[in-house]
Amino acid sequence: MHPALTWPPELLLRAQGVRVAFFDVDGVLTDGGLYFSAEGETLKRFHTLDGHGLKLLRQAGIEPCVISGRDSAPLRLRLQALGVTRLRLGTEDKLPAAEAMLAELGLDWAQAAAMGDDWPDLPLLQRAALACAPPAAHAEARALATYITTAPAGAGAAREFCDLLLVAGGHYRRLLGAALGAPA
């Protein structure tokens, strides 16, 4: 099967050596809205496409890392269900968190991709080999982005980013074939 997805060759080249992908949560993995129950509990809406993209990254050997200024029980449950183990929650200063994760993995910024939507994400977007933002991201995040997704945040934007990384790394066709039941 020939994959339906295509990207410009220069974008694929830029993403080729990525081994770790940093994700913000609100405005990237969610639509950015903050929902509160009558009891004050924070509620989050996640899209299954995005979640499956994070799983596919792990299968391809690309480490998904989540760094968020907010921490909540629903977020922790979702990340646990997806098998995302590298996370730093409740931190507005994302650069030290990302650098610590890179050190833990023995990687550097040339092997990193990042997806964010607002000012706290800018240091990561500025340093990553490949920077991505959803279409409704703040203007400064879009200005630093190598790629702006067509899908909105919380509705497939993160999956689009994951698919780009999978294609660039040469993993997409194999994973697609496995999903279709092709022999390994």
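Visitor: Where is aspartate 117 in this one?
Guide: In the loop between strand 6 and helix 5 (122-127). Keep in mind that we're looking at a predicted model.

Visitor: Why is aspartate 117 called buried?
Guide: Its relative accessible area is 15%, and buried means under 20%, so the label fits.

Visitor: Which residues does aspartate 117 touch, not counting residues up to four places away in sequence?
Guide: Asp24, Asp26, Gly27, Val28, Pro134, Ala137, His138 and Ala141. Threonine 42 is another matter: aspartate 117 and threonine 42 are 75 residues apart in sequence and 20 Å apart in space, C-alpha to C-alpha.

Visitor: And leucine 5, what makes it partly exposed?
Guide: Leucine 5 has a relative accessible area of 31%. Buried is under 20% and exposed is over 50%, so 31% falls in between and leucine 5 counts as partly exposed. You'll find leucine 5 in the segment before helix 1 (9-15). Leaving aside neighbours within four places in sequence, leucine 5 is in contact with Asp163 and Tyr172.

Visitor: On to the sheet. What is the order of the strands in the open sheet?
Guide: The order is 5-4-1-6-7-8, a sheet of 6 strands with parallel pairing.

Visitor: What makes strand 5 and strand 8 edge strands?
Guide: Strand 5 (86-89) and strand 8 (147-148) each pair on one side only. Helix 3 (residues 73-82) packs on the sheet, touching strand 4 (63-68) and strand 5. The direction of helix 3 makes about 175° with that of strand 5.

Visitor: Which strands does helix 4 lie across?
Guide: Helix 4 (residues 94-105) lies across strand 1, strand 4, strand 5 and strand 6, running at about 155° to strand 4.

Visitor: How do you know that strand 1 and strand 6 pair?
Guide: Count the bridges. Pairing takes at least two bridges, and strand 1 (residues 20-23) and strand 6 (residues 112-115) have 4 bridges, in the parallel sense. So they pass. One spot to look at is alanine 21, whose bridge partner in strand 6 is alanine 113.

Visitor: How do you know that strand 1 also pairs with strand 4?
Guide: By the same test: at least two bridges are needed, and 4 bridges join strand 1 to strand 4, which run parallel. There, the bridge partner of valine 20 is glutamate 63.

Visitor: Which way do the side chains of strand 1 point?
Guide: Val20 and Phe22 point one way, Ala21 and Phe23 the other way, and all are buried.

Visitor: How many aromatic pairs does the structure hold?
Guide: It holds 2. In one of them, phenylalanine 22 and tryptophan 109 sit 5.7 Å centre to centre, with 45° between the planes.

Visitor: Why is the pair of phenylalanine 22 and tryptophan 109 called tilted?
Guide: The centres have to lie within 6.5 Å, and 5.7 Å qualifies. Under 30 degrees would be stacked and over 60 edge-to-face; 45° is neither, so tilted it is. Phenylalanine 22 lies in strand 1 and tryptophan 109 in the loop between helix 4 and strand 6, so the pair ties together parts that are 87 residues apart in sequence. With relative accessible areas of 1% for phenylalanine 22 and 15% for tryptophan 109, both come in under the 20% cut-off and count as buried.

Visitor: What makes the pair of phenylalanine 23 and phenylalanine 161 edge-to-face?
Guide: Their planes are 75° apart, and over 60 counts as edge-to-face. The centres are 5.6 Å apart, which is within 6.5 Å. Phenylalanine 23 lies in strand 1 and phenylalanine 161 in helix 7 (residues 157-168), so this pair ties together parts 138 residues apart in sequence. Both phenylalanine 23 and phenylalanine 161 are buried.

Visitor: Zooming out, how many helices and strands are there in the protein?
Guide: There are 8 helices and 8 strands.

Visitor: And how do you know that the protein is as compact as a globular protein of that length?
Guide: The radius of gyration is 16 Å, close to the 16 Å that the globule rule gives for 184 residues, so the comparison holds. The C-alpha trace spans about 50 × 35 × 30 Å along its principal axes. Buried residues make up 48% of the 184 residues. The accessible surface comes to about 8800 Å², of which 54% belongs to carbon and sulfur atoms.

Definitions and conventions
Residues are numbered from 1 along each chain as its sequence is written. This is a predicted model: local features need pLDDT of at least 70, side-chain atom pairs count only at pLDDT 80 or more; totals for chains, interfaces and linings use all residues. Side-chain values use heavy atoms; hydrogens and water are left out. Helices (H or I, at least four residues) and strands (E, at least two) are DSSP runs, numbered from the N terminus. Contact means heavy atoms within 4.5 Å. Axes are lines fitted to C-alpha atoms, for helices over the stretch in contact, and angles run from 0 to 180 degrees between N-to-C directions. The radius of gyration is taken over C-alpha atoms; the globule rule is 2.2 Å times the number of residues to the power 0.38. Buried means under 20% relative accessible area, exposed over 50%, partly exposed in between (1.4 Å probe, protein chains only). Accessible areas come from the Shrake-Rupley method with a 1.4 Å probe; for residues, only the protein chains shown count as cover. Rings of Phe, Tyr and Trp (its six-membered ring) pair if their centres lie within 6.5 Å; planes under 30 degrees apart count as stacked, over 60 as edge-to-face and the rest as tilted.
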